[in-house]
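The following exercises are intended to be worked with the sequence and the coordinates at hand. Each task is followed by a solution in steps.

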Amino acid sequence: MSFLRWAVVTVPLILLLGFASGRSVAAGSENGWYLSLAKPSVNPPDWVFPVVWTTLYVLLGLALAIVLHARGARGRWPAVGMFVLAFALSLAWTPLFFGAHKIDAALALIGAMLATGIVATVLFGRVRRAAAWLMVPYLVWISFAGVLTWSIGQLNPGGQGVAPPSRTSQML
């Protein structure tokens, strides 16, 4: 399968899964609990998050397509497996933070996302360097998200109990 054929599958799939995760619970300005929290001065405006995540999902989809297209490349499938794990962890963050209001657990999850993302990036780099470079903006963003999450936790001790957890889906 050509790179373009892989990209036509991987980019929309990652966008769809990312969108589903992001809409699984009320997030950002749609979330009363989040609005009630004190936020650090470096917290971007709400419109930045969907723009950044859409861009990152496209880059991740392209990186995955490059690696999937590398038929016969040594380490291709372990790289894909680590990517899938890292991406699955990433999809769990929004429901954990915005839905369950678990600030500390969300911070720990970001640590796991960063660790698996770094490993996936290194493994992608062993298959195709371009794929690894496409992962770098994701690593930078989740590092920044970790700083934001940590800061929110510091500014809101006991922030989990501010409001009851949201259990409704925003997908429909």
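**Exercise 1. The nonpolar core**

Which residues of the largest nonpolar core touch the most other members?

Solution. The model under study is a predicted one.
- Step 1. The largest nonpolar core holds 43 residues, and those that touch the most other members are Leu60, Phe83, Trp93, Phe97, Met113, Phe124 and Tyr138.
- Step 2. Two or more residues of this core are given by each of helix 2 (32–36), helix 3 (48–69), helix 4, helix 5 (103–127) and helix 6 (129–155).
- Step 3. Helix 3 supplies the largest share, with 10 residues.
- Step 4. Tyr138 may then be examined by its contacts. Beyond residues up to four places away in sequence, Tyr138 touches Trp53, Leu56, Leu60, Ala86, Ser90 and Met113.

**Exercise 2. Packing of helix 4 against helix 6**

Determine how helix 4 and helix 6 are oriented to each other, and list the residues that make the contact.

Solution.
- Step 1. The axes of helix 4 and helix 6 are 13 Å apart, and the packing angle is about 30 degrees.
- Step 2. Angles under 35 degrees count as roughly parallel, and helix 4 and helix 6 are therefore roughly parallel to each other.
- Step 3. The crossing of helix 4 past helix 6 is left-handed.
- Step 4. On the side of helix 4, Phe83, Ala86, Ser90, Trp93 and Phe97 make the contact; on the side of helix 6, Met135, Tyr138, Thr149 and Ile152 do so.

**Exercise 3. Two further helix pairs**

Classify the pair formed by helix 5 and helix 6, and the pair formed by helix 1 and helix 4, as roughly parallel or roughly antiparallel.

Solution.
- Step 1. Helix 5 and helix 6 have axes that come within 9 Å and cross at roughly 165 degrees.
- Step 2. Because angles over 145 degrees count as roughly antiparallel, helix 5 is roughly antiparallel to helix 6.
- Step 3. Helix 5 passes helix 6 in a crossing that is left-handed.
- Step 4. For helix 1 and helix 4, the axes come within 8 Å, with a crossing angle of roughly 30 degrees.
- Step 5. That angle makes helix 1 roughly parallel to helix 4.
- Step 6. Helix 1 contributes Ile14, Leu17, Gly18, Ser21 and Gly22 to the contact, and helix 4 contributes Phe83, Phe87, Leu91, Thr94 and Pro95.

**Exercise 4. Two threonines**

Is Thr10 buried or exposed, and is Thr121 buried or exposed?

Solution.
- Step 1. Thr10 is found in helix 1 (residues 3–23), whereas the place of Thr121 is in helix 5.
- Step 2. The cut-off for a buried residue is under 20% relative accessible area.
- Step 3. Thr10 has a relative accessible area of 4% and is therefore buried.
- Step 4. Thr121 is at 10% relative accessibility, so Thr121 also counts as buried.
- Step 5. With neighbours within four places in sequence left aside, the contacts of Thr10 are Gly61, Leu64, Ala65 and Leu68.
- Step 6. On the same basis, Thr121 is in contact with Ala132, Met135 and Leu139.

**Exercise 5. Residues of helix 4 and the loop that follows**

Describe the setting of Pro78, Met82 and His101.

Solution.
- Step 1. Pro78 lies in helix 4, and its relative accessible area of 52% makes Pro78 exposed.
- Step 2. From Pro78 to Phe124 the C-alpha separation is 9.2 Å, although the two are 46 residues apart in sequence.
- Step 3. Met82 is also found in helix 4 (residues 76–99), and at 21% relative accessibility Met82 counts as partly exposed.
- Step 4. Apart from neighbours within four places in sequence, Met82 is in contact with Thr116, Val119, Ala120 and Leu123.
- Step 5. His101 lies in the loop between helix 4 and helix 5 and is buried, at a relative accessible area of 1%.
- Step 6. Most residues other than glycine have a negative phi. In His101, phi is positive, near 60 degrees.

**Exercise 6. Charge pairing**

How many salt bridges does the structure hold, and which residue forms a salt bridge with Arg23?

Solution.
- Step 1. Side chains of opposite charge can pair when their charged atoms come close.
- Step 2. The structure holds 1 salt bridge.
- Step 3. Arg23 pairs with Glu30 in a salt bridge, and the closest N and O atoms are 3.0 Å apart.
- Step 4. Arg23 is partly exposed, with a relative accessible area of 25%; Glu30 is partly exposed at 47%.

Technical notes. Residues numbered from 1 in each chain as written. Predicted model: local features only at pLDDT ≥ 70, side-chain atom pairs only at ≥ 80, totals over all residues. Heavy atoms only, no water. Helix = DSSP H or I, 4+ residues; strand = E, 2+ residues; numbered from the N terminus. Buried < 20%, exposed > 50% of the residue type's maximum accessible area, 1.4 Å probe, protein only. Contact = heavy atoms within 4.5 Å. Salt bridge = Lys/Arg side-chain N within 4 Å of Asp/Glu carboxyl O. Core = buried A, V, L, I, M, F, W, Y, C linked by side-chain atoms within 4.5 Å. Axes fitted to C-alpha atoms, helices over the stretch in contact; angles between N-to-C directions. Parallel < 35°, antiparallel > 145°, perpendicular 65-115°, else oblique. Left-handed = near helix turned anticlockwise from the far one by under 90°.
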